[in-house]
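Trainee: Can we go through this one together? I have some basic things to ask.
Mentor: Go ahead, one thing at a time.

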Amino acid sequence: MTGKKKRAVSLLATAGIVSVGVITGCSTEECYENRNALPYAGFYGVMEGEMTAISIDSLRVYGIGAPGDSILSTGSRAVSNLYLPFRIDSDTTSYVFKLINKAYEPYDIADTVTFVYSREARFVSAACGASYVYTIQDIRNTGLLIDSVVVPGGRITNADMENIQIYFNTGETPDISED
């Protein structure tokens with residue numbers, strides 16, 4: 001083998017060993033237990049004066065300003081909860097919640113929910129890297145479908161739990177009258 005070929009083979013072998021070490025180094029149980037802060041939202045309604053977990057049929061949910069305006073729910077099935085990832089390159093993240101049920105055409109029944117927060121990177125470990133903690137500053141919504149949005153405790157950490165509660169208006173049909 002020539003000197004160039006020996007160096008290329010040696011470089012490839014070293015790269016292979018390093019990549020195996022990186023893959024196994026990042027798959028420790030510590031990394032699974034200290035997962036990133038991923039906002040998890042549950043859907044609720046107030047019926048007969050009591051808070052009740054609900055499922056919403058034909059609800060499309062997608063991000064605004066995310067690469068490809070990511071769709072989190074297509075509206076093809078009823079949903080009662082969703083992960084709503086926050087942007088780590090911005091202090092705001094916005095989502096559209098839109099009813100796509102044919103019964104509401106031609107009306108555009110949608111809400112935009114905007115989360116305003118501060119981000120704090122926290123070092124987890126050398127194997128797992130960093131995780132973000134989000135401290136909620138404000139939550140805005142347009143109020144047609146969604147009555148209110150609450151983050152109990154005001155922070156979203158890497159604890160594996162529902163950390164956003166979205167309260168939907170639970171009338172028989174949304175008010176879509178034109179005044």
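Mentor: We take the whole chain, then one tyrosine, then the aromatic rings.

Mentor: First, the ground rules: this is a predicted model, where local features need pLDDT of at least 70 and side-chain atom pairs count only at pLDDT 80 or more, while totals for chains, interfaces and linings use all residues. Residues are numbered from 1 along each chain as its sequence is written, and side-chain values use heavy atoms, with hydrogens and water left out.

Trainee: How many helices and strands are in the chain?
Mentor: The chain has 2 helices and 11 strands; these are DSSP runs numbered from the N terminus, with H or I over at least four residues for a helix and E over at least two for a strand. In sequence order the pattern is α-α-β-β-β-β-β-β-β-β-β-β-β.

Trainee: What share of the residues is buried?
Mentor: Of the 179 residues, 30% count as buried. Buried means under 20% relative accessible area, exposed over 50%, and partly exposed in between, with a 1.4 Å probe and protein chains only.

Trainee: New topic. Where is Tyr44?
Mentor: Tyr44 sits in strand 1, residues 40–47. Its relative accessibility is 13%, so Tyr44 counts as buried.

Trainee: And which side chain does the side chain of Tyr44 make a polar contact with?
Mentor: That of Glu162, at 2.8 Å. A polar contact is a pair of N or O atoms within 3.5 Å; within protein, one must be able to donate a hydrogen and the other to accept it, and residues adjacent in sequence count only if both atoms are side-chain atoms.

Trainee: How far apart are the C-alpha atoms of Tyr44 and Tyr167?
Mentor: They are separated by 4.7 Å, although the two residues are 123 apart along the chain.

Trainee: Now the rings. How many aromatic pairs are there?
Mentor: The structure holds 10. Rings of Phe, Tyr and Trp (its six-membered ring) pair if their centres lie within 6.5 Å; planes under 30 degrees apart count as stacked, over 60 as edge-to-face and the rest as tilted.

Trainee: Why is the pair of Phe86 and Tyr117 called stacked?
Mentor: Because their planes are at 10°, with the ring centres 4.8 Å apart. Phe86 is buried at 7% relative accessible area, and Tyr117 is buried at 2%.

Trainee: Which residues form the aromatic cluster?
Mentor: Phe86, Phe115, Tyr117, Tyr132 and Tyr134 form one cluster.
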